[in-house]
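Reader: Hi! I'm in my first year and still learning how to read a protein model. Could you take one part of this one and walk me through it slowly?

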Amino acid sequence: MTAPTKPSHPVPSPAGPATPGTPLGADLHSPVIDWFDENARDLPWRRPEAGAWGVMVSEFMLQQTPVSRVLPVYEQWLSRWPRPADLAKEAPGEAVRAWGRLGYPRRALRLHGAAVAITERHGGDVPADHAQLLALPGIGEYTAAAVASFAYGQRHPVLDTNVRRVFARAVTGTQYPPNATTAAERKLARALLPEDEATAARWAAASMELGALVCTAKNESCHRCPIAASCAWRLAGKPAHDGPPRRGQTYAGTDRQVRGRLLAVLREAPGPVPQAALDRVWHEPVQRARALDGLVADGLVEPMPGGSYRLPLT
């Protein structure tokens, strides 16, 4: 999955050779943060009242899912489960049910597992310590850094797809980052972090927003970019991507679509669902059986005696 990287070489400052003693990226921080101060979207997980739990919920939901789809589910989720302990008391199947059609529903199980661990290990409060966040079930490198940075104002490199694309273009002069995060990208992200903790946290949010709104994967808006004048990719004439093919996200006809239809039936049912009701959602029996087996193996569905199925209770 990890794409090969180009031969290693010193990463230039996009504005030319750095002044001795000046951190890499220092000329990027103020323009991007100033732009963010003027243009940041008013999103509920960015408000003070969201707290660390609101930030964590948003980070789980936003993985591979656009903001427009997340917003209504996020609001309903926090209204029902305003603290981790509230979710931890519920069956994991209720998290899957409330996840709705956000996609990749294993995220709901992982978020439920994290809520249980937070309740049991940390008294119901999302920990501020990065290592403790990383030790929670379902929390990976990105989510731990994002929660520590966005909820607690700490200094961590936060590398999502949007940030990686901004860094690839502005600093390394390539149109797209590799298909999977590389060690070189992590090293660059650490080098670009402002020294001041609060500024670093703001930089993390600002660079992410820049990638989401301006430096997008398609139809980038360089005329609105606060660092266009120093962007290495733009200054090089916007050379076309010459790395491995970028992965597309197909859906129609895939096992993912079948799984989604099966889960939709189970989410809407108050109790166990007979096999016959699930058989009606997809015409091809082999693919349908494979998708259902996958849901069971992932812990998203529990088989019951007599050939019926339900969302998980344990």
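Author: Sure, let's look at the charged side chains and who they pair with, and then visit a few spots around them. One thing to keep in mind is that this is a predicted model.

Start with the basic idea: side chains of opposite charge can pair when their charged atoms come close. In this model the count comes to 17 salt bridges. Let's take a few of them one by one.

Take Glu-209 and Arg-46, whose side chains meet in a salt bridge at 2.7 Å, N to O. Glu-209 sits in helix H11 (residues 197-213), while Arg-46 is in the loop between helix H1 (26-39) and helix H2 (51-62), so this pair ties together parts that are 163 residues apart in sequence. How accessible are the two partners? Glu-209 counts as buried because its relative accessibility is 1%, and the cut-off for buried is under 20%. Arg-46, at 33%, counts as partly exposed.

Another pair is Arg-83 with Asp-125, at 3.2 Å, N to O. It too links distant parts of the chain: Arg-83 is in the loop between H3 and helix H4 (84-88), and Asp-125 is in the loop between helix H6 (106-122) and H7, 42 residues apart. Arg-83 is partly exposed, with a relative accessible area of 39%, and Asp-125 is partly exposed as well, at 43%.

Then there's Asp-255 with Arg-290, which meet at 2.7 Å, N to O. Here both partners are in helices: Asp-255 lies in helix H13 (residues 255-268) and Arg-290 in helix H15 (residues 285-297), so the bridge ties together parts 35 residues apart in sequence. Asp-255 has a relative accessibility of 24% and counts as partly exposed; Arg-290, at 43%, also counts as partly exposed.

Salt bridges can also join up: Arg-80, Glu-90, Glu-94 and Arg-97 are linked in a network of them. Two of those names come back when we look at how a pair of helices meets. The axes of helix H3 (residues 67-80) and helix H5 (residues 92-99) come within 10 Å and cross at roughly 145 degrees. On the H3 side the contact is made by Val-73, Trp-77 and Arg-80, and on the H5 side by Glu-94, Ala-95, Ala-98 and Trp-99. Sorted by class, that contact has five nonpolar residues, two charged ones and no polar ones.

Now for a charged residue that goes without. Asp-160 lies in the loop between helix H8 (141-152) and helix H9 (161-172). What is the nearest side chain of opposite charge to Asp-160? It's Arg-165, 7.4 Å away, and Asp-160 is buried yet has no salt bridge. That distance is outside the 4 Å limit for a salt bridge, so the two don't count as one. Asp-160 does have something polar beside its side chain, though: the backbone nitrogen of Asn-162 lies 3.1 Å from one of its polar atoms. Leaving aside neighbours within four places in sequence, Asp-160 is in contact with Tyr-142 and Met-208.

One last stop is His-130, in helix H7 (residues 130-134). His-130 is partly exposed, with a relative accessible area of 24%. Not counting residues up to four places away in sequence, His-130 touches Ala-144, Ala-145, Ala-148 and His-156. As for Val-147, it is 17 residues from His-130 in sequence and 8.5 Å from it in space, C-alpha to C-alpha.

How values were computed. Residues numbered from 1 in each chain as written. Predicted model: local features only at pLDDT ≥ 70, side-chain atom pairs only at ≥ 80, totals over all residues. Heavy atoms only, no water. Helix = DSSP H or I, 4+ residues; strand = E, 2+ residues; numbered from the N terminus. Buried < 20%, exposed > 50% of the residue type's maximum accessible area, 1.4 Å probe, protein only. Lys, Arg positive; Asp, Glu negative; His and termini not counted. Polar contact = N/O pair within 3.5 Å; in protein donor to acceptor, adjacent residues only side chain to side chain. Contact = heavy atoms within 4.5 Å. Axes fitted to C-alpha atoms, helices over the stretch in contact; angles between N-to-C directions. Nonpolar A, V, L, I, M, F, W, Y, C, P; charged D, E, K, R; others polar.
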